[in-house]
Amino acid sequence: MVNRYVIITAAGSGKRMGTDIPKQFLPIDGKPILMRTIEAFHSVPNKILVLSGRDIEYWNQLCERYDFKVPCKVVEGGEERFHSVKNALEFVPDDAIVAIHDGVRPFVSDVVIEEAFKVAEEKGSAVPVIDCVDSVRIIAEDGSNAPINRNLVKLVQTPQVFRASILKKAYNVDYSPAFTDDASVVECAGYSITLTKGNVENKKITVKNDLNLN
């Protein structure tokens, strides 16, 4: 089997959650979100966790409190998510297949993870998406707006999976605000993106209402 890695990004402050601690450390059903996210990648042997320097000691305390013993290489994050991923890539070998996953997406399915790894191994990239079920409108520069055919729109999730050699080449650039995810970095470097099927439950926990699982 090809050497598989996952980089779990959890260096954000989670300001939109409006809580005293970053959202990745908030509990869901008695366990911190980030721990549940890490456990979702039980099939991936090599795990790299990116944390803000200010949160590393707190994470260590949580691991002791919850007796959490899943092995992870902890890497300090950077100013933006881009820099955090770039820091983590230093610990990934060039011949690996590497997934990048949001630390606050604990409900990704085993099927989505496995499919993304298989497709990335074959085609170089795999980005899970789901259909858009809402009506969509676009706002023009003059402030006017118009509808978009929602069948032409996909909602992007993680893990976004790539051959490490491709991802490292793509990240060998300066940061740009246009880099909204790993796929945009890879695409900017001239590579095409292959879409795979995501799962609806794989939502990104961003605001307090996302913690309501009922």
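Two strands are said to pair if DSSP finds at least two bridges between them. In this predicted model, strand β8 (residues 136-139) and strand β9 (residues 145-148) pair over four bridges. Their sense is antiparallel. Arg 137 has Pro 147 in β9 as its bridge partner. Five residues lie between the strands of this hairpin. Within the hairpin of β8 and β9, Gly 143 takes a positive phi near 95 degrees.

Beyond β9, the chain enters the loop between β9 and β10, where Val 153 is placed. Val 153 has a relative accessible area of 21%, so the residue is partly exposed. The cut-off for buried is under 20%. Val 153 touches Cys 132 and Ile 148, residues up to four places away in sequence not being counted. Asp 131 lies 22 residues from Val 153 along the chain. The C-alpha atoms of the two residues are nevertheless separated by 7.1 Å.

The loop between β10 (154-156) and β11 holds Pro 159. A cis peptide bond joins Thr 158 to Pro 159, with omega about 15 degrees. Most peptide bonds are trans, and most residues other than glycine have a negative phi. Two aspartates depart from the latter pattern. Asp 29 has a positive phi, near 50 degrees. Asp 29 sits in the loop between β2 (27-28) and β3 (31-32). With a relative accessible area of 71%, Asp 29 is exposed. Asp 67 also has a positive phi near 50 degrees. Asp 67 belongs to the loop between α2 (56-65) and β5 (73-76).

Helix α1 spans residues 33-40 and includes Thr 37. The relative accessibility of Thr 37 is 0%, so this residue counts as buried. A polar atom of the Thr 37 side chain lies 2.7 Å from the backbone oxygen of Gly 103. Gly 103 is also among the contacts of Thr 37 when neighbours within four places in sequence are left aside. The others are Ile 8, His 101, Asp 102, Val 104, Arg 105 and Pro 106.

Two packed helices are described by the angle between their axes and the distance between the axes. For α1 and α2, the axes come within 11 Å. They cross at roughly 75 degrees. The two helices are therefore roughly perpendicular to each other, since angles of 65 to 115 degrees count as such. From α1, the residues at this meeting are Leu 34, Met 35 and Ile 38. From α2, they are Trp 59, Leu 62 and Cys 63.

Helix α4 covers residues 110-123, a run of 14 residues. At 1.5 Å a residue, the helix should span 20 Å. Its end C-alpha atoms are 20 Å apart, so the span agrees with expectation. The buried residues of α4 are Val 112, Ile 113, Ala 116, Phe 117, Val 119 and Ala 120. These buried residues pack against α1 and several strands. The strands are β1 (4-10), β6 (97-102), β7 (125-131), β11 (160-163) and β12 (195-197). Gly 124 follows just after α4 and takes a positive phi of about 100 degrees.

How values were computed
Residues are numbered from 1 along each chain as its sequence is written. This is a predicted model: local features need pLDDT of at least 70, side-chain atom pairs count only at pLDDT 80 or more; totals for chains, interfaces and linings use all residues. Side-chain values use heavy atoms; hydrogens and water are left out. Buried means under 20% relative accessible area, exposed over 50%, partly exposed in between (1.4 Å probe, protein chains only). A polar contact is a pair of N or O atoms within 3.5 Å; within protein, one must be able to donate a hydrogen and the other to accept it, and residues adjacent in sequence count only if both atoms are side-chain atoms. Contact means heavy atoms within 4.5 Å. The expected span of a helix is 1.5 Å times one less than its number of residues. Axes are lines fitted to C-alpha atoms, for helices over the stretch in contact, and angles run from 0 to 180 degrees between N-to-C directions. Angles under 35 degrees count as roughly parallel, over 145 as roughly antiparallel, 65 to 115 as roughly perpendicular and the rest as oblique.
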